[in-house]
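Here is a short tour of one protein chain, from its overall make-up down to a few side chains. Please keep the structure open beside you as you read.

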Amino acid sequence: PILTDGRIEAVSRAVTRGVEVVASAVFVPQGARQFGFIYSVRIRILMPTETDYVSEEDRGFATCQLQSRHWEIANNSTGETNRVNGEG
């Protein structure tokens, strides 16, 4: 979606075993020759009233924590892909 200030936001959502991960990135033009992105990753265990909820007993854990990450950042204008790996 395009935000009210003209920035473009991209959002991805995935749920696995009752754990939701929402990642978003917002393109922010900074000047005539520079630009950048602001990103956010949110991880949470769904509540019993929410779609895709899985009980603690069925999912096999009470808490969760990001331990490692792997991102692929594609530049559609150049065809290049940057990869980021590291601790959570």
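## Overall picture

In this predicted model, residues 24 or more positions apart account for 19% of the contacts in the protein chain with a separation of 6 or more. The secondary structure comes to one helix and five strands, and from the N terminus on the elements run β-β-β-α-β-β.

Of the 88 residues of the protein chain, 11% count as buried. The accessible surface comes to about 7200 Å², and carbon and sulfur atoms make up 50% of that surface.

## An aromatic pair and a charge

Let us turn to the rings. The count comes to one aromatic pair in the model. Its partners are Tyr39 and Trp71, arranged edge-to-face, with 5.0 Å from centre to centre and 75 degrees between the planes. The arrangement counts as edge-to-face because the angle between the planes is over 60 degrees. This pair links distant parts of the chain: Tyr39 belongs to strand 3 (residues 35–45) and Trp71 to strand 4 (residues 68–74), with their positions 32 residues apart.

How open to the surface are these two side chains? Tyr39 is exposed, at a relative accessible area of 55%, while Trp71 is partly exposed, at 28%. Trp71 also has a charged group over its ring: the charged end of Arg69 sits there, 5.0 Å from the ring centre.

## A nonpolar patch on the surface

Tyr39 has a second role in this description, as a member of a nonpolar patch on the surface. Val21, Val41, Ile43 and Leu66 are the other members, and together the five residues have about 420 Å² of accessible area. Which strand gives the most to the nonpolar patch? Strand 3 does, with three residues.

Val21 is found in strand 2 (residues 19–29). With a relative accessible area of 32%, Val21 is partly exposed. Patch residues need over 30% relative accessible area, so Val21 meets that cut-off.

## Around Ile43

Ile43 lies in strand 3 and is another patch member. Its relative accessibility is 35%, so Ile43 counts as partly exposed.

Which residues does Ile43 touch, leaving aside those up to four places away in sequence? They are Val19, Glu20, Val21, Cys64 and Leu66. Two of these, Val21 and Leu66, belong to the nonpolar patch as well. Ile43 and Val21 are 22 residues apart along the chain, yet their C-alpha atoms are separated by 4.6 Å.

Note on methods:
Residues numbered from 1 in each chain as written. Predicted model: local features only at pLDDT ≥ 70, side-chain atom pairs only at ≥ 80, totals over all residues. Heavy atoms only, no water. Phe/Tyr/Trp six-rings, centres within 6.5 Å; stacked < 30°, edge-to-face > 60°. Helix = DSSP H or I, 4+ residues; strand = E, 2+ residues; numbered from the N terminus. Buried < 20%, exposed > 50% of the residue type's maximum accessible area, 1.4 Å probe, protein only. Lys NZ or Arg CZ within 6 Å of the ring centre and 35° of its normal. Patch = residues over 30% accessible without salt bridge, like charges linked within 9 Å, V, L, I, M, F, W, Y side chains within 5 Å. Areas by Shrake-Rupley, 256 points an atom, 1.4 Å probe, with all protein chains shown as cover. Salt bridge = Lys/Arg side-chain N within 4 Å of Asp/Glu carboxyl O. Contact = heavy atoms within 4.5 Å.
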